[in-house]
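Here are a few exercises to work through with the model open beside you. Try each task before reading its solution.

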Amino acid sequence: MFKALILDQNSDGLAEARIQEIGDDRLPEGDVTVAVEYSTVNYKDGLCLSPKGGGLVRSYPHVAGVDFAGTVEASTDPRYKPGDKVVLTGWRVGEVHWGGYAQKARVKADWLVPLPEGLTTRDAMAVGTAGFTAMLAVMALEDHGLTPDRGEVLVTGAAGGVGSVATAILAHLGYEVVGVTGRPEQEGYLKGLGAARIVPREELAETVKRPLESETWAGCVDAVGGAMLARVLGQMKYGASVAAVGLAGGAALPATVVPFLLRGVNLLGIDSVMQPFENRQRAWERVARDLPMDKLEAMIQPATLADLPRLGADILKGRVKGRVVVDLNA
Ligand SMILES: NC(=O)c1ccc[n+]([C@@H]2O[C@H](COP(=O)([O-])OP(=O)(O)OC[C@H]3O[C@@H](n4cnc5c(N)ncnc54)[C@H](OP(=O)(O)O)[C@@H]3O)[C@@H](O)[C@H]2O)c1
């Protein structure tokens, strides 16, 4: 028997969460059974935990948790054996497939990544989908020619999950990082992660009539989208790239194509959910190498299964700070 946070519908059809002891026979089909050690809380988890499942959960009873790390307990796939440390993000686990908010998960071997040396299962969930996606964004910028000598790199939504990890990775790699934040009180935190300077959100929040402004940024990790992304495109240096990760500021893109045509600017889309295995493995290995874990430690907020309904509601209201690490054995 193991503990799981089971979401089930009440007589009004609304999902309620309850910690239950269940047996392995309740786990979904899959080739690898993992003893989950840590999970985390993402915006998507907030949606899945909400009374209507945020339009993501297809059937109940359900176990949410879009990412987890743990130790393989049993495997019918030759790539994994008991005792292997693994991490999982994406593949709609926690949305349509049972996820990480339980002491055990059963998944397809294809969805797992072996934990690279140097990372613990707790580290992996302190990084989580947000940090993994930040790494994918940095890799995409590098693959398109970004090097530290090319100039300042902008990170929007810098005090958020993706932004914080992107800031720490880029600074560690020797980049001059400029963080955009709407929370001036987070300046000390962002400089602690390695940001060289801060740009207040208001300075980039609105579009301007001119499609091109002075060439300022050598690269950008954008977690905000919307008007801010449109504005940033017109400020990129010749041939520079923006990695579009998120839509915290809106999904519409009120931009012109002029930066693409006159400055050869690249807009790179970053998806973490369906990312091929080789790239996932490369990203986790880079996380182990290029993310200073001591910096990450300062952002960690520990939690247990019992805290999840509250944290799920909080994250939807923008009230969660730092990285939540859920200890399944606490
Ligand atoms: N592409 C993928 O596969 C993938 C994976 C993970 C996440 N995401 C997306 O990436 C985005 C960031 O995720 P996250 O986990 O970092 O979320 P988060 O922790 O909520 O951070 C988002 C940050 O964006 C800024 N922000 C929020 N509302 C804003 C607004 N109206 N205008 C301008 N800035 C605003 C805030 O930064 P400041 O407080 O510093 O201003 C906030 O901390 C989300 O949209 C998420 O859905 C995408």
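**Exercise 1: a salt bridge with E213**

At 12% relative accessibility, E213 counts as buried (buried is under 20% relative accessible area, exposed over 50%, partly exposed in between, with a 1.4 Å probe and protein chains only). Before going on, note that this is a predicted model, where local features need pLDDT of at least 70, side-chain atom pairs count only at pLDDT 80 or more, and totals for chains, interfaces and linings use all residues. Residues are numbered from 1 along each chain as its sequence is written, and side-chain values use heavy atoms, with hydrogens and water left out.

Task: find which residue forms a salt bridge with E213.

Solution.
- Step 1: apply the rule, a side-chain nitrogen of Lys or Arg within 4 Å of a carboxyl oxygen of Asp or Glu.
- Step 2: the partner is R210, with the closest N and O atoms 4.0 Å apart.
- Step 3: check the surroundings of R210, which is exposed at a relative accessible area of 53%.

**Exercise 2: a bridge between distant parts of the sequence**

Task: locate the two residues of the R197 and E152 salt bridge and say which parts they tie together.

Solution.
- Step 1: the side chains of R197 and E152 meet at 2.9 Å, N to O.
- Step 2: R197 lies in strand β10 (residues 197-200) and E152 in the loop between α2 (121-143) and β8, so the pair ties together parts that are 45 residues apart in sequence. Here helices (H or I, at least four residues) and strands (E, at least two) are DSSP runs, numbered from the N terminus.
- Step 3: R197 is partly exposed, with a relative accessible area of 34%.

**Exercise 3: a bridge within a helix**

Task: describe how D314 and R310 are placed in helix α9.

Solution.
- Step 1: both residues lie in α9 (residues 308-316), 4 residues apart, about one turn of the helix.
- Step 2: their side chains form a salt bridge at 3.8 Å, N to O.
- Step 3: D314 is buried at 15% relative accessible area, while R310 is partly exposed at 46%.

**Exercise 4: a covered helix**

Task: work out how many residues of helix α5 are buried, and what covers them.

Solution.
- Step 1: α5 spans residues 226-233, and 7 of its 8 residues are buried.
- Step 2: the buried ones include M228, L229 and V232.
- Step 3: the cover includes β9 (177-181), β11 (217-222) and β12 (236-244), where contact means heavy atoms within 4.5 Å.
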